[in-house]
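Visitor: Could we go through this structure together? I should like to begin with how its helices pack.

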Amino acid sequence: MEASTLKVTSGRSRPDPAYGGELRHKGSPRVLALTAIGVVFGDIGTSPLYTFSVTLSATGHPVPTATDVLGIVSLIFWALMAMVSLKYVVLVLRADNDGEGGILALLSLVEKITNGPKIPILVLLGVAGAALLYGDGVITPAISVLSAMEGLKLVTPALDNFVLPLTLAILIGLFAMQHRGTASIGRLFGPIMFTWFVVIGLLGAVNIWAAPEILKALSPDAAARFVLANPVIAFAVMGGVFLALTGAEALYADMGHVGPTAIRRAWFGLVLPALLLNYFGQGALVLTDPNAIDSPFYKLAPHWALIPLVGLAALATVIASQALVSGVFSLTRQAMQMGLCPRMRIVPTSSDEAGQIYVPTANWLLMIGTLLIVVLFKSSEHLAGAYGIAVSGTMLVTTILLYRVAIGRWQWPPALAIFIIVVFGAVDATFLASNSLKIVDAAQPLHRQYRRDGGGAAAGRGRVADQGRARRLAGAAAPRQAKQGAPRDHDPDDLRPRPAAAGPVRRAPCDRVPRPRHPSHADQARLHADAGHSRGAQELQGAGLRGRSASGALLHRP
């Protein structure tokens with residue numbers, strides 16, 4: 001059969017409104033910017049809640065040093081400036097396909113999609129990047145809402161049983177309201193996120209004023225000293241630094257909903273300054289009070305403002321999932337146009353903005369996947385192993401495709417394009433490799449639990465599920481005895497006394513203790529024989545009978 005080329009629109013947006021582009025977005029610039037704040041920046045805007053504390057804990061130091069604090073804040077600052085501001089907001093947002101953004105729109109600019117036996121490698125990379133973005137669209141709503149609801153346990157442990165039902169209810173409500181469209185959702189979420197960015201910026205500025213030495217992190221020397229001091233620790237820390245960038249790919253995927261101009265205005269005018277002030281404020285707080293490492297974000301606020309801040313953070317975290325949901329709608333339409341997925345019904349939600357759409361099938365499939373992983377994983381701690389890997393993989397594929405756009409459509413000199421793309425690609429690859437360590441970290445608890453339960457077959461699957469988390473919380477690792485001094489397997493026919501083990505064998509708090517039983521006749525005979533009270537029992541012993549105590553342990557002669 002002859003290969004047929006699918007028609008894919010490519011090229012920069014033309015000024016004719018019929019072809020989309022900037023003239024397609026007819027709304028007020030302020031309204032579009034507010035919509036972008038509520039829809040596009042929710043994911044990256046809530047990163048200060050956990051990024052700094054997670055990154056500090058990755059150093060392995062119980063009390064962070066000034067070098068740690070300055071180095072990590074400097075890494076976060078330069079990552080935001082280089083990978084988000086320069087790469088995405090300045091460069092990638094230029095690569096629109098008739099006003100649409102996303103990795104498939106970028107792919108359509110550099111490669112034609114054909115139905116034939118051979119698929120170009122760039123097409124495979126683009127499809128893989130799109131699949132990773134779909135995966136992130138499932139994980140982000142689940143972990144965002146679940147982590148917000150887990151804050152209820154801080155109020156009272158009695159609310160622990162309500163975390164999962166409330167998470168499911170909020171997610172169902174979030175997906176059920178998607179038919180209202182991006183504009184309506186933006187008007188609802190925009191003021192909340194605007195308040196969020198103003199509040200976190202002010203909290204950071206107050207703490208910077210109290211400890212201005214944190215401004216030394218503006219110099220790249222602070223990051224360089226931290227990395228060169230211990231490259232192994234720095235590599236592990238990069239996975240935490242990347243958490244400050246999660247949501248960057250959503251900026252590009254959501255470009256068709258509000259346009260690149262609104263995204264740039266919101267980013268440079270409000271979002272970026274608020275994020276930088278907050279990260280530097282958390283660093284200043286830890287410099288003055290290293291004990292604030294456990295929760296530097298909430299300790300920025302005075303005590304009287306803590307409860308309102310927790311409530312605002314819960315709302316912002318729930319809204320954070322909207323960025324990926326809206327991006328999935330645009331991604332699905334592009335996939336249909338390129339012949340990469342079956343046809344689905346597309347519902348326009350705005351008469352002014354052609355990029356604001358609703359895809360019912362994608363919405364409900366996304367909801368089913370999100371609810372399913374919430375039920376299976378049950379906590380944000382378990383989901384954290386997969387969070388970040390999908391985004392870092394998508395960002396690396398975007399960098400590779402951006403090189404082709406730079407030399408093919410933007411007519412950049414090859415030397416300049418190679419230099420910039422190599423720098424971006426090296427950083428993206430480092431983030432991806434560091435995030436890949438989460439796969440091992442997530443598998444270790446399951447492996448330890450499997451070994452503790454004797455492979456799972458004898459202990460039963462129920463005890464694995466019920467006792468596994470209790471063991472981890474109690475800090476009981478799998479029973480491991482030192483190779484030197486550890487007792488060898490006991491021969492029941494050998495009645496000679498054995499030396500004690502080198503150290504006490506600790507039993508995990510949930511390990512099953514053998515049930516006491518009544519001593520048998522052989523047990524009684526052994527007891528009497530050892531005490532020297534029964535000659536008949538000694539004869540029985542000589543015949544080879546062996547006894548056990550009530551606890552089940554072999555009895556020996558002294």
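Visitor: At what angle do helix H5 and helix H16 pack, and how far apart are their axes?
Guide: This is a predicted model. In it, H5 (residues 103-110) and H16 (residues 322-337) pack at an angle of about 30 degrees, and their axes are 8 Å apart.

Visitor: Why give both an angle and a distance?
Guide: Those are the two values by which a pair of packed helices is described.

Visitor: Which residues meet there?
Guide: From H5, Ile103, Leu104 and Ala105 meet Leu331, Gln334 and Ala335 of H16. Five residues of this contact are nonpolar, one is polar and none is charged.

Visitor: Now helix H1. Which of its residues are buried?
Guide: In H1, which spans residues 29-39, the buried residues are Leu32, Ala33, Thr35, Ala36, Ile37, Gly38 and Val39.

Visitor: What do those buried residues pack against?
Guide: They pack against helices H2 (42-45), H9 (182-210), H13 (255-258), H14 (260-288) and H15 (306-319), and also against H16.

Visitor: On to pockets. How much space lies in the second largest pocket?
Guide: That pocket holds about 440 Å³ of space. It is lined by 20 residues, and those closest to its centre are Leu75, Trp78, Ala79, Met238 and Val427.

Visitor: Which elements give two or more residues to that lining?
Guide: They are helices H4 (66-91), H10 (220-229), H11 (231-241) and H20 (414-452). H4 gives the most, with six residues.

Visitor: And how many of the lining residues are nonpolar, polar or charged?
Guide: The lining of the second largest pocket has 18 nonpolar residues, two polar ones and no charged ones.

Conventions
Residues are numbered from 1 along each chain as its sequence is written. This is a predicted model: local features need pLDDT of at least 70, side-chain atom pairs count only at pLDDT 80 or more; totals for chains, interfaces and linings use all residues. Side-chain values use heavy atoms; hydrogens and water are left out. On a 1 Å grid over the protein atoms alone, a cavity is a set of points where a 1.4 Å probe fits but cannot get out, and a pocket is an open set with protein on both sides within 12 Å along at least five of seven lines; lining residues have an atom within 4 Å of a point. Grid points are joined across faces, edges and corners, and a volume is the space filled by probe spheres set on the points. Helices (H or I, at least four residues) and strands (E, at least two) are DSSP runs, numbered from the N terminus. Ala, Val, Leu, Ile, Met, Phe, Trp, Tyr, Cys and Pro count as nonpolar, Asp, Glu, Lys and Arg as charged, and the others, Gly among them, as polar. Axes are lines fitted to C-alpha atoms, for helices over the stretch in contact, and angles run from 0 to 180 degrees between N-to-C directions. Contact means heavy atoms within 4.5 Å. Buried means under 20% relative accessible area, exposed over 50%, partly exposed in between (1.4 Å probe, protein chains only).
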